[in-house]
Amino acid sequence: MLCSNKPVVQDSLRESFIKLVRVRFVERCPAPEPFLAPQSKEETSARKRGAKSAKLVEGPQTIEQRAIAAAAPIDAKRFSVIMNTGTDVDDSPNVAVGEKRKQDALELDKESGASCEKDILWRANFEEFVRHLRHKACIANVKTRLDDGAAIVLSAMLEATRSEETKVKIENSVPLSMDTIFEGVMKSEAGRSMTLERVRSSLIQLGCAPGVRGATESYSVDLKNIIELVQNDELESIILKRYGKEAYRIFRLLSKSYHLLETNKISDTTFVEKKDTAKILYQLWKDEYLQMETLILLRVSKKFQGIETCCSTHIQMGAIKIYVFKWSTASVVMKLNLHAGRQTRFQLWKVTKDTLWGHVLNEMYHSALNLSLRVAYELEQEQEIIQLPREKRVGALGSRFERLRKVRILLESSLMKLDDAIMVYNDF
């Protein structure tokens, strides 16, 4: 790509390529044959002492893990482009102190001529793509749920600390001082009209409690909570489309509750008829969106010498809890017969997100597979029409081709939306 014979095309492609490297969407490939130095006894004993002091037991690294670590280039080389003049375009904002010793290897590449563009292999940096999409989803959620000001502040904080994130699924953003946040907000055109007090108010909206980092106050955003809100919104939209508005209100109530709710309580809170509420709850439970527990109240009465005392106990039978209320005396233990008393049954419902996320993700995978198979089936059925020249697609043949085009657009657009939803639960 970079060795085109046309100077104009080459310059345009080079400019676009450098932009991709600058934002870290493209990176150099790891070394094909990394050198693995043998581990010394001192390093092994030091690792064991460190593990004991931290009260953690860590096994030794495998050869594969050591090879991946050794093959990964330093950031100064990973995101640098060698120009024709031999100069190095380095877009890495920060280089760790421990990596300074590896700079000599890069200089050696330049002197030996091994840094020729056509000898360098590049690849897409999927980790950076996922990080960028995760940030974008957080900002969009904050903008919809709060306001534009909070979204601008969050965007500035994430942009300022993107290179410092060590992994994609970080729970909290890197702490920043108020001066750094305000400086980042001023860099955007939409944020130039915001005052310092407005930025501080937006941080309060984001739930940022000021912490102490060094001698100054620092602020950090709970990204994990925002992603959970994004996941909730995605699931609630599925419930709304599949089961209707009443089911959406019921599911939303249960997803925001952290305890079991009884059918009558759900009906009264969501203003849905009790009969319809029970029907919706059973359907959601059948489709594994809810968990149900059955409560049985059994009451047995007995009198002894005119003195009555009350005590209670419960028996766990799988998903069923049997609560037993019995009247007895303080001096006599009564034998309990579960079939002899009067029973009252209650259905309790709740949403368990840990298991629900896995179920939803599994459904999405199956849906994606079905869509892919349907696209392949449609293309196979109309293979003859696809291979016809355009001028021969007239009449009935033209109608069949137009139908295939619309069906393909619909299926592939649905598959793309489903891919976005899968990323929310699997990658974010």
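Is Glu128 buried or exposed? In this predicted model, Glu128 counts as buried because its relative accessibility is 4%, which falls under the 20% cut-off. The residue belongs to helix α6, which runs over residues 126–145, and its side chain makes a polar contact of 2.7 Å with that of Arg131. Leaving aside residues up to four places away in sequence, Glu128 touches Val23, Arg24, Phe25 and Arg162.

One of these partners, Arg24, lies in the loop between α1 (7–22) and β1 (26–28). With a relative accessibility of 11%, Arg24 also counts as buried, and just after α1 this residue takes a positive phi of about 70 degrees, although Arg24 is not a glycine. Most residues other than glycine have a negative phi. A positive phi is likewise found at Glu288, where the value is near 70 degrees.

| Residue | Phi | Loop |
|---|---|---|
| Arg24 | about 70 degrees | between α1 (7–22) and β1 (26–28) |
| Glu288 | near 70 degrees | between α13 (274–286) and β9 (291–300) |

As for helix α1 itself, its 16 residues should span 22 Å at 1.5 Å a residue, and the C-alpha atoms at its ends are 22 Å apart, in agreement with that expectation. Within α1, the buried residues include Gln10, Arg14, Phe17, Ile18 and Val21. These residues cover an arc of only 100 degrees around the axis, and therefore they lie on the same side of α1.

Note on methods: Residues are numbered from 1 along each chain as its sequence is written. This is a predicted model: local features need pLDDT of at least 70, side-chain atom pairs count only at pLDDT 80 or more; totals for chains, interfaces and linings use all residues. Side-chain values use heavy atoms; hydrogens and water are left out. Helices (H or I, at least four residues) and strands (E, at least two) are DSSP runs, numbered from the N terminus. Buried means under 20% relative accessible area, exposed over 50%, partly exposed in between (1.4 Å probe, protein chains only). A polar contact is a pair of N or O atoms within 3.5 Å; within protein, one must be able to donate a hydrogen and the other to accept it, and residues adjacent in sequence count only if both atoms are side-chain atoms. Contact means heavy atoms within 4.5 Å. The expected span of a helix is 1.5 Å times one less than its number of residues. The arc is that of the directions from the helix axis to the C-beta atoms.
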